[in-house]
Amino acid sequence: MHEMSLVQGLLGQLQTLATQHNKTKVISVTMEIGPFSGVVIDSFQFGFDILAKEEMLTKDAELKIISPTASYRCCGCAKQIKSEQRPESCPNCSETFFSPEGSDDLILLQVEME
Ligand SMILES: [Zn+2]
């Protein structure tokens, strides 16, 4: 489960931020997880629940995850289709080539600390 190592990376990042800002407690963390990141959000949440509890800094932290919907753009007519799966063909022009749109990044959007 590679989500565990991603959570570890996030916790490391939070430690660094807290040290830089002289904070001792993380209240909430907001992450954006791109639709093409391959990250299973439930697993990420699960990993966070386990690992965050082991650190004083994050033991009461709340994790909020924002996950934008994946979308594909038709290579024929440039219509945007919101879908988790690559569409079979475009409803507009029946083109079968699509390019995925959306991020594959994990972005730390916001951290609330005290
Ligand atoms: Zn089209």
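Biologist: Let's start with the two helices: how are H1 and H2 oriented to each other, oblique or parallel?

Modeller: The general idea is to sort by angle: under 35 degrees is roughly parallel, over 145 roughly antiparallel, 65 to 115 roughly perpendicular, and the rest oblique. H1 and H2 are therefore oblique to each other. One caution: this is a predicted model, where local features need pLDDT of at least 70 and side-chain atom pairs count only at pLDDT 80 or more, while totals for chains, interfaces and linings use all residues. Residues are numbered from 1 along each chain as its sequence is written.

Biologist: At what angle do the axes of H1 and H2 cross, and within what distance do they come?

Modeller: Axes are lines fitted to C-alpha atoms, for helices over the stretch in contact, and angles run from 0 to 180 degrees between N-to-C directions. Helices (H or I, at least four residues) and strands (E, at least two) are DSSP runs, numbered from the N terminus. Here, helix H1 covers residues 3-20 and helix H2 residues 41-52; their axes cross at roughly 55 degrees and come within 9 Å.

Biologist: Is the crossing of H1 and H2 right-handed or left-handed?

Modeller: Look at the near helix: turned anticlockwise from the far one by less than a right angle is left-handed, clockwise is right-handed. H1 passes H2 in a right-handed crossing.

Biologist: Which residues of H1 and H2 meet?

Modeller: Contact is a C-beta criterion: those atoms, placed from the backbone, lie within 7 Å. H1 brings Glu3, Met4, Leu6, Val7, Gln8 and Leu11, and on the H2 side you'll find Ser43, Phe44, Gly47, Phe48, Leu51 and Ala52. That contact splits into 8 nonpolar, 3 polar and 1 charged (nonpolar is Ala, Val, Leu, Ile, Met, Phe, Trp, Tyr, Cys and Pro; charged is Asp, Glu, Lys and Arg; the others, Gly among them, are polar).

Biologist: On to the sheets. What is the order of the strands in the one with mixed pairing?

Modeller: Strands pair if DSSP finds at least two bridges between them. The mixed one is an open sheet of 3 strands, ordered E2-E1-E6. Its edges are strand E2 (62-66) and strand E6 (106-113), each pairing on one side only. From one strand to the next, the twist averages 20 degrees. Strand E1 (residues 26-33) and E6 share 7 bridges in the antiparallel sense, and Val26 stands opposite Met113 in E6.

Biologist: Where do H1 and H2 sit on those strands?

Modeller: H1 packs on the sheet, touching E1 and E6, with its direction at about 45 degrees to that of E6. H2 lies across E1 and E2 and runs at about 165 degrees to E2.

Biologist: And what about the sheet with E3 in it: what is its strand order?

Modeller: E4-E3-E5, an open sheet of 3 strands with antiparallel pairing. The edges are strand E4 (80-82) and strand E5 (98-101), each paired on one side only. Its twist averages 30 degrees between one strand and the next. Strand E3 (residues 71-74) is joined to E4 by 3 bridges and to E5 by 4. Take Ser71: it stands opposite Lys82 in E4, and its bridge partner in E5 is Glu101.

Biologist: Which residues of E3 are on the covered face?

Modeller: Tyr72 and Cys74; the uncovered face has Ser71 and Arg73. Tyr72 stands opposite Ile81 in E4.

Biologist: Is Ile81 buried or exposed?

Modeller: Count other C-beta atoms, placed from the backbone, within 10 Å: 20 or more is buried, 12 or fewer exposed, in between partly exposed. Ile81 has 16, so it counts as partly exposed. Leaving aside neighbours within four places in sequence, Ile81 contacts Ser71, Tyr72, Cys74 and Pro87.

Biologist: What is phi like at Ala78 and Ser94?

Modeller: Most residues other than glycine have a negative phi. Ala78 has a positive one near 65 degrees, and it sits in the turn of the E3-E4 hairpin, which has 5 residues between its strands. With 12 other C-beta atoms within 10 Å, Ala78 is exposed. Ser94, also not a glycine, has a positive phi of about 55 degrees; its place is in the loop between E4 and E5. Ser94 has 11 C-beta neighbours inside 10 Å, so it counts as exposed.

Key
Two residues are in contact if their C-beta atoms, placed from the backbone, lie within 7 Å.
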